Amino acid sequence: MSSSEEDDHSAHGIAESFDPPFNMPVVFKRAAADLSARHEATTDDQQSSDIPDIYGPDEGSPYPETEIEKQIQSRIKADILRSKLNYSDPFDEVHDRYGFRRQTAKISLDQYNAWWKEYRPYIQRRERKWQNLMSEVGLYHKDTTNPPTRFPPRSSKVTRYIRKGIPAAWRGNAWFWYAQGPQYLAKHPGLYDFLWKRAFANHNRDAEVIERDLHRTFPDNLLFANHNQTDDESPMISALRRVLLAYSEYMPATGYCQSLNFLAGVFLIFLDEEKAFWMLVIITQKYLPGMHDENLEGANIDQGVLMISVKDTLPTVWSKIGMGFDGFSADQVRETTDSAGATSLDDKELLTHSRASTEFIRKLPPITLSTTSWFMSGFIGTLPFESVVRIWDCFFYEGSKVFFRIALTILKLCEPELNALSDPIDVFQTVQDVPKSMVDPNYLLTSCFKRNNGFGHISEAEVRARRMYVSEIRRRSSRGQLGLNRNGNTPSDQNFQQWDNKMYKFQKRSNSPLLHGLPLRLRMHRLKLAADNHT
Amino acid sequence: MDAKPQTSVKLVLLGEAAVGKSSLVLRFVSNEFQEHKEPTIGAAFLTQKCQLPNRTIKFEIWDTAGQERFASLAPMYYRNAQAAVVVYDVTKPASFVKARHWVSELHAQASPDIVIALVGNKVDLASDDNGPRVATAEGQALADDEGLLFLETSAKTGSNVQEVFTALANKLPEPAAASAATQETPDHIDLSAAPNKQANCAC
C-alpha cells in the first residue's frame, strides 16, 4: 500500500493506530515469552518452563504432530467448503446464497422469495457497476476469476458504491482492505498459526466456554451444520474453534465473550481463517473498543452514546424507550435523593437539571437490554443476514458511526408502531421484533443515509466525543465499579454532585445538552477542564 | 372463555451459560425445541399467558445471557421482577454452584416478595454413563432451605416445563380486588394445543 493511501486512512481516522504488544518476525521466542508472562498472570498452576515453545522449528513441537496435522487438514477442508459458495446463487430452495435458511421466525419463505426476486437483478446491476469501477482503476480484469484483493481509495463515488452494496464474492476482501487488514497481516506473518497451536498445546483457559458455543453458532447455516450425520463436525466449526482460541491467546483481557462467535462466524463465511482472525482483532480493538471486555464497559458506553443520540434526535421515540420498568422516565429525577444536599432553590434547580441530563447515562434505561446486542453482535440476529452484511460494508469503510446511524434508523422506523402502543411493556417487544422483519436492506440503508432524514448525521468525531463524555460520566459516578450504578444505587457523594454541576454549567454555556456546536477540540478541552477541577 | 382478571408479572431467567434458559422459554412460549440454540446476547424478551381457574397471568419474560461478564446487567432485569427462574444443568455440577449464587443474590438484592423457582434442566441427558449428575435431593435441599419452588425439567422432551410456570403462577399472591388487576379480553392463543398432557395449567 502506498503511503498516500495510508494517509488517506489516517485522515479519515477510523481509529488510532493499534499496535499489538509484540512483533512476530523478530523472534518467535520473545513472543512466546511475552505471552507466557501474560498467561502466568492468570493461571498460577502453570510453571513458565511448562509452556512449550511450539513454534520453534528446531526445538520440535511437544504438541502431538498428529493433532496439528488433523487441524491443518480441517483447515484445508474449511477452505474447500467456503470455495463452494459462489455468493450469487442460493444453495437450494430453502437456503440463501450464504447457506442460511431463507425462512426465519419473522420472515416467511414467500416474503423472502418475493424480496429476492426484486433484489437479485439489483445485485447483478451493482456487480457490473463495481466491475466497471474496478476496471477503470486497474484493480480488476474480466479474465481473472480470483476476487480482487485491493480496492480504490476513498472518494464520494466509492462511498456511494459501498453504501449500495459490495459484490458478495468481493465482500470479505473489501472489508479486510478498508479495515487495514493487510497492514496487520504483513506486520505479523505467521502469528495466527502460532497462536492457535499454542492455545491447543496450553489448554487455553477459555477453551471450555468457547467449546460450549461452537455448535450454537449458526446451527441453521449449511456451512456450520453437521449435515452428513456422522460424528465429524463441520470444518467451519473447527475453523471457528481455532480463530476463537487464537483470539483468546492474543487478547487475554477480553478472552472469549459471547457474540464474538457470531462475529467470527460471519468473517469465516467471507474470508479464510487467518484473515477472519485479524478482522476479529480489528473489529474489537479499533471499531468497538472495550465492548467485549470483562466488564462490558465499552458496550455500556456505546449504549449511553446511543441513548443521548435518541434523546437529541428522536424525542418521540425517547418518550417511549426512555422509560424505566417502574414507568418513570429514566431521566426523571427523584427529589429526595438528588436535591437533598442543595441549600438554595437555585442550587436545587441546578442539580435537578444537571442530574436529569445525565441520569440515563449512569443508569441506562432497560431498553438497552435489547439494544446492547445490536452493537455487540453487529446486528447479527437482529436484522436479516443480507442487511447485516450490507451494514458491515459501510461499517468497515466508514467507521463505527455506521452502527449508531443504523440503530437510530431502526428506532425511527419503529416510531409509528411505538406511538400506537399504550402498554409500556410492548415497547420491548416492538424494538426487539420489528427489525427482524425488515426484509429489504435497501429500504433500511436508504432511510439511513438519505439527506434530511430528521436526525442529523453523526460523524466519527462526534462518536468519539460522545464516547469520551459518557465514559467520563460513568467513570465518575461508579468509580470504576460498574455493578454499583447498574444496580440502581445512586451515588450521592458531594464530588459527584460537583461534577454534575460543572457539566450542567458548561452545557448551558454551550447552549446544548451535549456541547453540540462547539468545535470538537474545545469540547474535549472543556471536558478535561471540568474533570481536572473536579479532582 | 369468560373474561378473567389479568395480572402482568415480570419474570427473569438466570443461570449459567448453556444450561437451557432460552430453550425452556421457547418450549413454554412456542412449544418448540432447537437442538443447538444460539447463545442469547444481552437479553431476549418474550411474553406468554398462563390461565388459572379464576385469573390470567401474563408473564413478561426476560431471558438473560448466561456468560459471567453479562452478570453486571442482571440487576437491571431482576429489579422489580416478581418472579425468577434459576436454571442449572443437572449434568453440570458447576452450573448448580452458579445457581446457588443466583439464589443468594436474588435474596439479597431483588424484591423481598419475589417468587423463585429452582429448575434442574436437561434430565433427558442424565444417565449413569454421562458423568456426574446433580442429585435431585441436592436440588430439593437447596429449594427447601431457601424457600424455592423446585422442579427437574427437560426442554427437549417438554417434561415439567409448563409446570414450572404454572407453579409460579399459583404461588404469586392474588392482587387485592380493586388493585392492579385489569379486565382484558383473553388472548386467542389456543393453549390447549400443547401436547404436554401432564400440564395442569391451561398454558
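## Exercises on a predicted two-chain model

At 1% relative accessibility, Leu106(B) counts as buried. Please keep in mind as you work that this model is predicted.

### Exercise 1: Leu106(B)

Find the helix that holds Leu106(B), and list the residues that Leu106(B) touches beyond four places away in sequence.

*Solution.* Start with the secondary structure: Leu106(B) sits in helix H3 of chain B, which covers residues 93–109. Next, collect the neighbours, leaving out residues up to four places away in sequence: Leu14(B), Tyr78(B), Ala84(B), Val86(B), Ile114(B) and Ile116(B). Then return to the accessibility: buried means under 20%, so Leu106(B), at 1%, counts as buried. Finally, try a distance with Ser8(B) as the partner: 98 residues separate the two in sequence, and their C-alpha atoms are 20 Å apart.

### Exercise 2: Two asparagines of chain B

Work out in which loops Asn31(B) and Asn80(B) lie, and describe their phi angles.

*Solution.* Take Asn31(B) to begin with. This residue belongs to the loop that links helix H1 (21–30) to strand S2 (43–51) of chain B. Its phi is positive, about 55 degrees, although Asn31(B) is not a glycine. With 26% relative accessibility, Asn31(B) is classed as partly exposed.

Now turn to Asn80(B), in the loop between helix H2 (74–78) and strand S4 (83–89) of chain B. Here phi is about 70 degrees, again positive in a residue that is not a glycine. The relative accessibility of Asn80(B) is 39%, so this residue counts as partly exposed.

### Exercise 3: Chain A as a whole

Describe chain A by its secondary structure, its buried share and its contacts.

*Solution.* Count the elements: chain A has 25 helices and zero strands. Then look at burial: 56% of its 535 residues count as buried. For the contacts, consider those between residues at least 6 apart in sequence; 74% of them join residues at least 24 apart. To round off, the accessible surface of chain A is about 22700 Å², and carbon and sulfur atoms account for 50% of that area.

### Exercise 4: A helix pair in chain A

Are helices H8 and H12 of chain A roughly parallel or roughly perpendicular?

*Solution.* Two packed helices are described by the angle and the distance between their axes. In chain A, the axes of H8 (residues 191–202) and H12 (residues 273–287) come within 10 Å, crossing at roughly 85 degrees. That angle makes H8(A) roughly perpendicular to H12(A). On the H8(A) side, the contact is made by Leu191(A), Tyr192(A) and Leu195(A); on the H12(A) side, by Glu273(A), Glu274(A), Phe277(A) and Trp278(A). Sorted by class, the contact has five nonpolar residues, two charged ones and no polar ones.

### Exercise 5: Ser309(A) and Glu127(A)

Decide whether each residue is buried or partly exposed, and name what it touches.

*Solution.* Ser309(A) lies in helix H13 (residues 297–313) of chain A. Its relative accessibility is 1%, so Ser309(A) counts as buried. Beyond four places away in sequence, Ser309(A) touches Leu314(A), Leu408(A), Ile458(A) and Arg466(A). With Arg466(A), there is also a side-chain polar contact of 2.9 Å.

Glu127(A) belongs to helix H4 (residues 109–136) of chain A. At 22% relative accessibility, Glu127(A) counts as partly exposed. Leaving out residues up to four places away in sequence, Glu127(A) touches Ser88(A) and Pro167(A). As a last step, compute the C-alpha separation of Glu127(A) and Leu223(A): 24 Å in space, for 96 residues in sequence.

How values were computed. Residues are numbered from 1 along each chain as its sequence is written. Chains are lettered from A and ligands numbered from 1 in the order in which they are written. This is a predicted model: local features need pLDDT of at least 70, side-chain atom pairs count only at pLDDT 80 or more; totals for chains, interfaces and linings use all residues. Side-chain values use heavy atoms; hydrogens and water are left out. Buried means under 20% relative accessible area, exposed over 50%, partly exposed in between (1.4 Å probe, protein chains only). Contact means heavy atoms within 4.5 Å. Accessible areas come from the Shrake-Rupley method with a 1.4 Å probe; for residues, only the protein chains shown count as cover. Axes are lines fitted to C-alpha atoms, for helices over the stretch in contact, and angles run from 0 to 180 degrees between N-to-C directions. Angles under 35 degrees count as roughly parallel, over 145 as roughly antiparallel, 65 to 115 as roughly perpendicular and the rest as oblique. Ala, Val, Leu, Ile, Met, Phe, Trp, Tyr, Cys and Pro count as nonpolar, Asp, Glu, Lys and Arg as charged, and the others, Gly among them, as polar. A polar contact is a pair of N or O atoms within 3.5 Å; within protein, one must be able to donate a hydrogen and the other to accept it, and residues adjacent in sequence count only if both atoms are side-chain atoms.
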